[in-house]
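Please open the structure in your viewer and keep the selection tool at hand. The tour goes from stop to stop, and at each one you select something and then look at what surrounds it.

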Number of protein chains: 2
Amino acid sequence: MGGLSADEFKAAFRQHPSGIAVITADAGNGPVAMTASSVFSVSADPPVLVFSVSQMSSAAPTLLSADTLVVHMLSAENLDLALLGAARGVDRFADTSLWARLSTGEPYFVNAHAWIRGRVVDRMRIGESTVVAVHALSSNTPEDIAPAQALVYHNRTWHQLSPESRIEA
Amino acid sequence: MGGLSADEFKAAFRQHPSGIAVITADAGNGPVAMTASSVFSVSADPPVLVFSVSQMSSAAPTLLSADTLVVHMLSAENLDLALLGAARGVDRFADTSLWARLSTGEPYFVNAHAWIRGRVVDRMRIGESTVVAVHALSSNTPEDIAPAQALVYHNRTWHQLSPESRIEA
C-alpha cells in the first residue's frame, strides 16, 4: 500500500524518545528476555498495557505464546539490563545472580527498578510484528520516583533524566 | 478479572518516561487534537505506528472515525502544543496561526518538530480505550536531530534531553 520507506519512517521515529522496558517470560521452553522501547499504558481501569514484538526477535516465539509475562520498567541504573535484553547471540540468563522466578513461575530481573506481572489478553498482528495487550495482575514499584532514575532512549543514544533536565510548563 | 488497582497501575507507569505526540484529524466535523504519551513504532516495513485513545477524550469520536490523521512528534520547543492538546474545555484551533491543512485535508500544527501523516489500518478495543494502528503515508522530518530538542514526560513533569543528560552504554 505504499507510503514511507523504512528509512524515512525510522528517521521520523528517531525524533521520538521513549522509556525502556525489558520483558521476560517462560512458556515452558526456558526464560527469554527482550528490551523494548514500545511499552505504554492503554487503560488504568482495567489496568492494561501494550508492547510490540517483532518476529525477528529471538524472544518472539515465547513472548507470543506465554500466558503471563513480566514487564520491567528500567531506570538509568538498569542500563546493563537494557543492553543485555538487546544483545544478540548471548544467553541472557547466564548470570544467575541477575534473575529469579516469581512464585507464579515467571523469570524476572531482581534489580529492575519496577515491574508489572500480567496476563496476555489480546494480540494485534501488524506485518511482521505483533502488538500484545497485557492485563496487569501485580507489580513492584518503588516509593521513590526521583527523576534522576529515569532512563530514556533517543536517536540511538541513552539519556538520564535529572532535576537539571526538567523544564517548566 | 482483578489485578492491579488503577492507582497501583498509574504508580508503576509513573516510572516509565515517554516522548510526546499530538494527533490531529478531521472526519468531517471539524479539526480535533489530542496530546498522547502513547505513540510507538511497531514496524518499519510496512511503516506502522500505534497510539491509544481513551473514550474519555473529547477527540475520541473523530480519531476513531477518521480514515487518515497526523501524528506530530514534539520537541521541547513544542511544549505549548503539548499543553494545548491536553487542555480541557478549550478550542484547540482558536489560534489560526498555529495550524493549517495539508493538501490532503488533514489539520496539522505547522511548528511541530516532525510529523507523520498516515491511514488507520486496524484498531484494538481494550476496556474504554482503543489502540489505533496507522500506516505512515508521508512525513516531515528535520535533518537536525540534536538531543537538545527532545521532549520527555515523566512522573507528571516535563524534561528536555541535552548533551548533559546523555549517558554512555
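What follows is a walk through a predicted model, beginning where the two chains meet and ending at pairs of charged side chains.

**Stop 1: the interface**

Colour chain A and chain B separately, and then select the residues of each that touch the other chain: 78 residues of chain B are in contact with 78 residues of chain A. The size of an interface is often given as the accessible area lost when the parts come together. For chain B and chain A the buried area is about 6300 Å², and carbon and sulfur atoms give 74% of it. On the side of chain B that touches chain A, strand β9 (residues 114–126) of chain B gives the most, with 9 residues. Sorted by class, that side of chain B has 44 nonpolar, 25 polar and 9 charged residues. How many salt bridges does the rule find across the interface of chain B and chain A? The rule finds 0 salt bridges there, while it does find 18 residue pairs in polar contact, both residues being at pLDDT 80 or more.

**Stop 2: strands that pair between the chains**

Next select strand β12 (residues 157–160) of chain A and strand β13 (residues 166–167) of chain B, which run antiparallel and are joined by 2 bridges. Within this pairing, W158(A) stands opposite I167(B) in β13(B).

**Stop 3: S18(A)**

Now select S18(A), which you will find in strand β1 (residues 18–19) of chain A. Is S18(A) buried or exposed? Because its relative accessibility is 10%, S18(A) counts as buried. Leaving aside neighbours within four places in sequence, the contacts of S18(A) include S37(A), L151(A), V152(A) and Y153(A), and also P17(B) and G19(B).

**Stop 4: a helix of chain B**

Move to helix α3 (residues 79–86) of chain B and show its side chains, where L79(B), L81(B), A82(B), L84(B) and G85(B) are buried. An α-helix has 3.6 residues a turn, so residues three or four places apart point the same way. What do the buried residues of α3(B) pack against? They pack against β13 (166–167) of chain A, together with several strands of chain B, among them β2 (21–25), β3 (32–36) and β8 (107–109).

**Stop 5: V134(B)**

Select V134(B) in strand β10 (residues 129–140) of chain B, where a relative accessibility of 1% makes V134(B) count as buried. Then add G118(B), which is 16 residues from V134(B) in sequence and 5.6 Å away in space, C-alpha to C-alpha. Other contacts of V134(B) include P47(B), F51(B), L69(B) and V120(B).

**Stop 6: charged pairs**

Side chains of opposite charge can pair when their charged atoms come close. The structure holds 6 salt bridges over all chains, and you can visit some of them in chain B.

- Select D26(B) and R101(B), whose side chains meet in a salt bridge (3.0 Å, N to O). D26(B) lies in the loop between β2 and β3 of chain B and R101(B) in strand β7 (residues 99–101) of chain B, so this pair ties together parts that are 75 residues apart in sequence.
- Select E106(B) and R117(B), whose side chains also meet in a salt bridge (2.8 Å, N to O). E106(B) counts as buried at 4% relative accessibility, and R117(B) counts as buried at 13%.
- Select R166(B) and E168(B), which form a salt bridge with their closest N and O atoms 3.7 Å apart. R166(B) counts as partly exposed at 42% relative accessibility, whereas E168(B) is exposed, with a relative accessible area of 62%.

Terms used. Residues numbered from 1 in each chain as written. Chains lettered and ligands numbered in written order. Predicted model: local features only at pLDDT ≥ 70, side-chain atom pairs only at ≥ 80, totals over all residues. Heavy atoms only, no water. Helix = DSSP H or I, 4+ residues; strand = E, 2+ residues; numbered from the N terminus. Buried < 20%, exposed > 50% of the residue type's maximum accessible area, 1.4 Å probe, protein only. Contact = heavy atoms within 4.5 Å. Buried area = accessible area lost by both parts, 1.4 Å probe. Salt bridge = Lys/Arg side-chain N within 4 Å of Asp/Glu carboxyl O. Polar contact = N/O pair within 3.5 Å; in protein donor to acceptor, adjacent residues only side chain to side chain. Nonpolar A, V, L, I, M, F, W, Y, C, P; charged D, E, K, R; others polar. Pairing = 2+ DSSP bridges.
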